Amino acid sequence: MDRIWENMPDFIQEAAYIAKKQNSILKEAYEHQDYIIKQAQQEAERIKNQTRIVQQARQEAAQIQSQTEKECDEFCRIALQEIEKLRQQASAECEQLRKDADDYAASVLRDLEQRLTQMLEVTRNGRDSLQSSHQEKPKPKRHPKRRAN
């Protein structure tokens with residue numbers, strides 16, 4: 001065999017070398033292919049996991065947003081109820097103040113009316129007294145004036 005090998009033309013030896021090299025390259029290519037496939041599978045799994053995580057995060061965010069909106073709606077409803085309650089209380093207090101002010105004004109006016117009535121009575125009595133005293137008193141007689149000598 002060695003002799004045959006030595007007698008073979010160079011191109012056959014070169015073909016054998018190329019075939020051997022080809023097998024080596026193919027083996028390396030298959031190994032590299034396996035490596036790339038494993039890497040791609042791992043990357044696909046990582047992306048799948050990230051996608052799952054993103055989907056979960058989106059679901060949680062949607063739930064949080066929904067819950068927050070519900071809480072805000074509830075707070076708004078409660079706030080509006082409180083505002084209405086305060087408005088009604090303020091309105092009632094304002095009405096009571098108005099009533100109290102009207103009552104006070106009416107009381108002051110009644111008191112003033114009583115005093116004015118009393119003053120009018122005193123005035124009338126005084127006038128009547130003056131008129132009756134003028135009518136009862138005889139008019140003083142006039143004495144003639146003496147002349148000085």
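**Reading a predicted helical chain**

Modeller: A good place to begin is Lys 99, which counts as partly exposed at 45% relative accessibility, where buried means under 20% relative accessible area, exposed over 50% and partly exposed in between (1.4 Å probe, protein chains only). This is a predicted model, in which local features need pLDDT of at least 70 and side-chain atom pairs count only at pLDDT 80 or more, while totals for chains, interfaces and linings use all residues. Residues are numbered from 1 along each chain as its sequence is written, and side-chain values use heavy atoms, with hydrogens and water left out.

Colleague: What does the secondary structure of the protein chain come to, and how many of its residues count as buried?

Modeller: Helices (H or I, at least four residues) and strands (E, at least two) are DSSP runs, numbered from the N terminus. Here the protein chain has two helices and zero strands, and helix 2 covers residues 10–136. Of its 149 residues, 0% count as buried. The protein chain exposes about 15000 Å², of which carbon and sulfur atoms supply 55%, with areas taken from the Shrake-Rupley method (1.4 Å probe; for residues, only the protein chains shown count as cover).

Colleague: With which residue does Lys 99 meet in a salt bridge, and how many salt bridges does a search of the whole structure find?

Modeller: Side chains of opposite charge can pair when their charged atoms come close. The criterion is a side-chain nitrogen of Lys or Arg within 4 Å of a carboxyl oxygen of Asp or Glu, and searching the whole structure gives seven salt bridges. Lys 99 pairs with Asp 103 at 3.2 Å, N to O; the two are four residues apart in helix 2, so about one helical turn separates them. Asp 103 is partly exposed, with a relative accessible area of 39%.

Colleague: Which residue forms a salt bridge with Arg 98, and which with Asp 111?

Modeller: Arg 98 is joined to Glu 95, with the closest N and O atoms 3.0 Å apart, and both lie in helix 2, three residues apart, about one turn of the helix. Arg 98 has a relative accessible area of 46% and Glu 95 is at 47%. For Asp 111 the partner is Arg 115, the closest N and O atoms being 3.5 Å apart; these residues are four apart in helix 2, so they are separated by about one helical turn. Asp 111 is partly exposed, at 34% relative accessibility.

Colleague: Which residues form a nonpolar patch on the surface?

Modeller: Patches are made of residues with over 30% relative accessible area and no salt bridge, like charges being joined within 9 Å and nonpolar side chains (Val, Leu, Ile, Met, Phe, Trp, Tyr) within 5 Å. In this model Leu 109, Leu 112, Leu 116 and Met 119 form one, with about 410 Å² of accessible area together. Leu 112, placed in helix 2, is partly exposed at 44%.

Colleague: How many disulfides does the structure hold, and why is there no bond from Cys 76 to Cys 72?

Modeller: A disulfide is a covalent bond between the sulfur atoms of two cysteines, and the cut-off is a pair of cysteine sulfur atoms within 2.5 Å. The structure holds zero disulfides. For Cys 76, the closest cysteine sulfur belongs to Cys 72 and lies 6.4 Å away, which is too far for a bond. Cys 76 is partly exposed, at 46%, and Cys 94 also counts as partly exposed, at 35%.
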